[in-house]
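Here's a walk through one model, meant to be read with the structure open beside you. Start with the picture, then come back for the details.

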Amino acid sequence: MTKEKYDFGLVGLGVMGRNFILNVTDHGFSAYGLDNDQAKISALREEGEGKQVDGTKDKQEFVSALRPPRKIMMLVPSGAPVDAVISDLLPYLDKGDLLIDGGNSFFTDTDRRAEYLQDKGIYFIGSGVSGGAKGARFGPSIMPGGSEEAYKIVAPIFEAVAAKVDNEPCVAYMGPKSAGNYVKMIHNGIEYGLMQLISEIYDVMHRGLGWDNDQMHQTFHQWNQGKLKSFLIEITAEIFAKSDELSDGRLLDMILDKAKQKGTGKWTSQNAMDLGVPIPTIDMAVSMRELSAQKSLRVKAEKTYRQDGRGKANLIAEELEDALYFGFIVTYAQGMTQLAAASKEYSYQLNMATISKIWRGGCIIRAALLEDMRLAFQNDNNLQNLLLDERFIQKIKASEPAARKAALYALSAGIPVVGLVSTVGYFDAFRSGRLPLNLIQAQRDHFGSHTYERLDREGIFHSEW
Ligand code: 6PG
């Protein structure tokens, strides 16, 4: 009797891979894993006891155990490991099989791989998967891109395993080529911006207002019941409450203030520059991770530029809530303008309402305000900036004074809030019909005869200054 073949294959049985494959088997599909590490295969067998799941180290055995057309997802670190898996599996694959890269791959790598595999008759999908280990296990947000025909092969499995909001799965076909990885990159850029803003408000509360962890825990917990309701606010509330097992205090206070990064935020900023899209809040979030890494230099500078007295902070929790809400909206707005520009530049044909919809659950940037964002883009897929949608105009008008007040206080007290300041600055520039950059044009013409245009007549002008 021939053995029943498996429905789904997964390469890379690390934390994400193991959780994702178990999620797949929870939904009635059988799944087979591949990993070089026998310990990871054993861990999968143990956790998957009683389920239709198994694993192997043998590539050929792995591929031949899958039912054609084979659906194989890779959850391995981005970069060279993805190429290595592709070349390892390729000899055993048949035309019509589907390879899915579920990692945070750089979007141009996805385009290159898709082209290479297309020549060989193998389908390729680059898919963002968000939600961390818990999301992978119980429902991530999934952002697949590539050929739509290829996506249909795996759609039933992805729809089953994805998070659900209002009974709708948080997965949808994003668009051709690397659209899926691009959307995930922007997701992460927004994630960087939101995390930076939250950390700044924490600094204002802690250093400025002198609040303790319990007060911050309670405040964030309360905020998570209101307009700021979101995954990041929820986990931040939990973080403040967590005791340290190695000392008497809270764990947060013992964590070194150097934030690492794996590249997606930086890629977002780099590509925004290429596209000519301003996303200063996300840029600042990347810069702050870099500045955070310069710990010893900061400690040295602190001795030189010691800040004595912080002035009186006349801020209440509701104002900080509004300041953060303003920052959240502006950060999403920046990310979405970049998505719209990329959609044009790379012909992704992105549906902004669909993206907002599948970000409502499962992913790291899920938040109550994504439903408003979905409605805004449903109303107009070509909305040029979220800040011009009726719903958001009102929210921005209501929260802007508090954002400005919090930023002003922090500036006067020497508390670094570069994310918040650049958010307010972006808003001020965005709503300035006339910016002072006429002077920059004059300077360019003065020193380099770079010419300028005029307000009162058509044409290109140059003056002898
Ligand atoms: C997610 C996360 C995930 C990863 C971040 C962390 O959506 O589940 O974004 O992909 O944890 O990319 O990125 P950094 O290491 O750069 O902070």
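Helix 14 and helix 17 are oblique to each other. This is a predicted model, so treat everything below as computed from it. Helix 14 covers residues 317–345 and helix 17 covers residues 390–413; their axes cross at roughly 120° and come within 7 Å. Angles over 145 degrees would count as roughly antiparallel and 65 to 115 as roughly perpendicular, so this pair falls in the oblique class. As for handedness, the crossing of helix 14 and helix 17 is left-handed.

Which residues make that contact? On the helix 14 side they are E319, L320, D322, A323, Y325, F326, I329 and V330. Helix 17 answers with F392, K395, I396, A398, S399, E400, A402, A403, K405 and A406. Sorted by class, the contact of helix 14 with helix 17 holds 12 nonpolar residues, 1 polar and 5 charged.

Helix 14 also meets helix 16, which spans residues 369–379. Here the axes come within 12 Å and cross at roughly 40°, so helix 14 is oblique to helix 16 too. This crossing is right-handed. Y325, F328, I329, Y332 and M336 in helix 14 touch L369, L370, M373 and F377 in helix 16. The contact of helix 14 with helix 16 breaks down into 9 nonpolar residues, with no polar and no charged ones. Y325 and I329 turn up in the contact with helix 17 and in the contact with helix 16.

One more residue of helix 14 deserves a look: E321. Is E321 buried or exposed? Its relative accessible area is 14%, and under 20% counts as buried, so E321 is buried. Leaving out residues up to four places away in sequence, E321 touches W223, K227 and L228. The C-alpha atoms of E321 and P169 are separated by 30 Å, with their positions 152 residues apart along the chain.

Now for the sheet. It is an open one of 7 strands, ordered 3-2-1-4-5-6-7, with mixed pairing. Strand 3 (53–56) and strand 7 (141–146) are at the edges with a single partner strand each, so one side of each has no neighbour in the sheet. On average, neighbouring strands are turned by 25° against each other, direction ignored.

Strands of a sheet pair through backbone hydrogen bonds, either parallel or antiparallel. Three of the pairings are worth tabulating.

| Strand pair | Sense | Bridges |
|---|---|---|
| Strand 1 and strand 2 | parallel | 4 bridges |
| Strand 1 and strand 4 | parallel | 3 bridges |
| Strand 4 and strand 5 | parallel | 4 bridges |

You can find your way along these strands by individual residues. V11 stands opposite L34 in strand 2. L10 has M73 in strand 4 as its bridge partner, and K71 has L98 in strand 5.

In a regular strand the side chains alternate between the two faces of the sheet. What happens on the two faces of strand 2? Both are covered: A31 and G33 on one side are buried, and so are Y32 and L34 on the other. Strand 4 also has both faces covered, with K71 and M73 buried on one side and I72 and M74 buried on the other.

Two helices lie across parts of this sheet. Helix 4 (residues 80–89) lies across strand 1, strand 2 (31–34), strand 4, strand 5 (98–101) and strand 6 (123–130). Relative to strand 4, helix 4 runs at about 150°. Helix 5 (residues 107–118) lies across strand 5 and strand 6, and runs at about 150° to strand 6.

Last stop: A160, which is in helix 7 (residues 148–161). How far apart are the C-alpha atoms of A160 and N23, 137 residues apart along the chain? They are separated by 9.0 Å. A160 touches H27 and F29, again not counting residues up to four places away in sequence. With a relative accessible area of 19%, and a cut-off of under 20% for buried, A160 is buried.

Key. Residues numbered from 1 in each chain as written. Predicted model: local features only at pLDDT ≥ 70, side-chain atom pairs only at ≥ 80, totals over all residues. Heavy atoms only, no water. Axes fitted to C-alpha atoms, helices over the stretch in contact; angles between N-to-C directions. Parallel < 35°, antiparallel > 145°, perpendicular 65-115°, else oblique. Left-handed = near helix turned anticlockwise from the far one by under 90°. Contact = heavy atoms within 4.5 Å. Nonpolar A, V, L, I, M, F, W, Y, C, P; charged D, E, K, R; others polar. Buried < 20%, exposed > 50% of the residue type's maximum accessible area, 1.4 Å probe, protein only. Pairing = 2+ DSSP bridges.
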